[in-house]
Each structure stands twice: as structure tokens, then as C-alpha cells.
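Q: Hi! Could you walk me through this structure? I'd like to start with the charged side chains.

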Amino acid sequence: MARGAEELIEKIIQIRRVTKVTKGGKKLRFAALVVVGDGKGRVGYALGKAPEVPDAIRKAIEKAKKEMIEVPIVHGTIPHRIEEEFSATKIILRPAPPGTGVIAGGTVRAIMDAVGVTDVVTKCIGNSNPHNLVKATFKAFERLQSLDYVAKKRGKTKEEILERVRG
């Protein structure tokens with residue numbers, strides 16, 4: 001199978017109408033914020049702008065595919081709790097036992113679905129602007145460490161750490 005042929009999950013977070021005021025009048029365009037993931041731990045986001053909505057979405061999807069990052073996933077959840085801030089937005093991501101589901105608002109839920117996380121508890125504190133929320137979540141994803149690394153750092157086995165997650 002070719003590298004670009006894999007099936008990707010595309011989620012539209014926000015579509016906005018933006019206007020640039022020039023000497024000749026107002027120029028109307030559209031901005032689309034999109035998240036793209038493979039459902040197996042790879043995810044990316046991008047903003048696309050164009051005079052028409054479909055063009056803006058297409059541009060955002062193409063850019064998001066190029067800027068995908070790896071997210072460590074352990075049994076459908078994240079390996080450890082993490083807090084991250086971006087601007088006035090703070091996000092808390094906590095691992096959850098199997099069967100919990102994705103407990104998150106619309107923006108973060110779309111990201112979790114795209115990355116392939118099935119059990120997680122999230123909380124957004126402060127500003128819930130979708131742009132800042134996406135950036136804070138991705139900043140948290142970049143700081144997540146693999147289960148092997150966390151177990152080695154704490155001097156425990158993977159099973160001991162997973163027991164804490166399962167509750």
C-alpha cells in the first residue's frame with residue numbers, strides 16, 4: 001500500500017468567514033480549521049484559507065497531512081496525566097480505564113477521535129477558543145512520553161503503571 005493511500009479521519013473543527021478591508025472594499029474569504037488523523041496515534045492540524053469553503057477545507061487537509069505528529073497510545077488511552085497551556089487556554093488530559101469513553105468537549109473530542117484515543121477524561125479551563133484549544137492539545141501531545149519511558153523513569157514495570165490507569 002502506498003504511503004498516502006491509508007484511510008485518514010478528517011474532522012472539521014471550525015469554518016469562519018473572514019473579511020479583509022481594502023481601499024477597494026471588503027474581500028470575503030473563508031478560514032477552515034481541520035484535524036486529520038489515522039486513528040492509530042498519528043494526528044495533525046492546519047488552518048486553510050480560500051475564497052470558497054471547499055477550497056479552504058481541502059487546503060487545510062493537505063497541510064495537516066504534512067504536519068502529522070506521533071502520539072503514544074496505551075490500550076486506547078494516553079500513558080499519563082498532562083496539563084498544558086496555550087495563551088489563555090489550559091487543558092488537562094487524564095488517562096481513563098477501558099469503557100470510560102472520550103469525556104471531552106466538541107473540539108477536543110474531534111482531536112481524540114482522529115488520533116484514535118477511545119478512553120480519556122479532559123478538562124478545558126479558561127478560554128475555549130477552538131484555535132487555542134487545538135494548539136494546547138497538540139502541545140500536550142508533544143510532551144506525552146511513552147509507557148516504556150515512564151516505567152523506566154519511575155522504576156516500575158509497565159503492568160504496575162497500567163494498574164493505576166485501570167483504577
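A: Happy to! A salt bridge here is a side-chain nitrogen of Lys or Arg within 4 Å of a carboxyl oxygen of Asp or Glu. Please keep in mind that this is a predicted model, where local features need pLDDT of at least 70, side-chain atom pairs count only at pLDDT 80 or more, and totals for chains, interfaces and linings use all residues. Residues are numbered from 1 along each chain as its sequence is written, and side-chain values use heavy atoms, with hydrogens and water left out.

Q: Thanks! Which residues are linked in a network of salt bridges?

A: Asp55, Arg58 and Glu62 form that network.

Q: And how many salt bridges does the count come to?

A: The count is 8 by this rule. One of them joins the side chains of Lys11 and Asp113, at 3.9 Å from N to O. That pair links distant parts of the chain, with Lys11 in strand β1 and Asp113 in helix α2 (residues 106-115), 102 residues apart. Helices (H or I, at least four residues) and strands (E, at least two) are DSSP runs, numbered from the N terminus.

Q: Is Lys11 buried, partly exposed or exposed?

A: Lys11 is partly exposed, at 28% relative accessibility. Its partner Asp113 is also partly exposed, at 30%. The cut-offs are under 20% relative accessible area for buried and over 50% for exposed, with partly exposed in between (1.4 Å probe, protein chains only).

Q: What about Glu70, which side chain does it meet in a salt bridge?

A: Glu70 pairs with Arg42, at 3.5 Å from N to O. Glu70 lies in strand β4 (residues 69-70) and Arg42 in strand β3, so the salt bridge ties together parts 28 residues apart in sequence. Glu70 is exposed, with a relative accessible area of 55%.

Q: Any other pair to look at?

A: Try Glu83 and Arg81: their closest N and O atoms are 2.9 Å apart in a salt bridge. Glu83 is partly exposed at 31% relative accessible area, and Arg81 is partly exposed at 44%.

Q: Switching topic: how many residues does helix α1 have?

A: Helix α1 (residues 53-66) has 14 residues and reaches 21 Å from its first C-alpha to its last, close to the 20 Å expected. The expected span is 1.5 Å times one less than the number of residues.

Q: Which residues of α1 are buried?

A: Those are Ala56, Ile57, Ala60, Ile61 and Ala64. They sit on the same side of α1, because they cover an arc of only 130° around the axis. The arc is that of the directions from the helix axis to the C-beta atoms. In general, an α-helix has 3.6 residues a turn, so residues three or four places apart point the same way.

Q: What do they pack against?

A: The buried residues of α1 pack against β1 (9-22), β2 (25-37) and β3 (42-50). On the other side of α1, Pro54 and Lys66 are exposed.

Q: Last topic, then: where is Val121?

A: Val121 is in strand β8 (residues 120-126), and Thr122 is found in β8 too. Val121 is partly exposed at 23% relative accessible area, whereas Thr122 is buried at 12%.

Q: Which residues does Thr122 contact, leaving aside neighbours within four places in sequence?

A: Thr122 is in contact (heavy atoms within 4.5 Å) with Ile92, Leu93, Ile103, Ala104, Gly105, Val108 and Met112. With residues up to four places away in sequence again not counted, Val121 touches Ile92, Leu93, Arg94, Ala96, Thr100 and Ile103.
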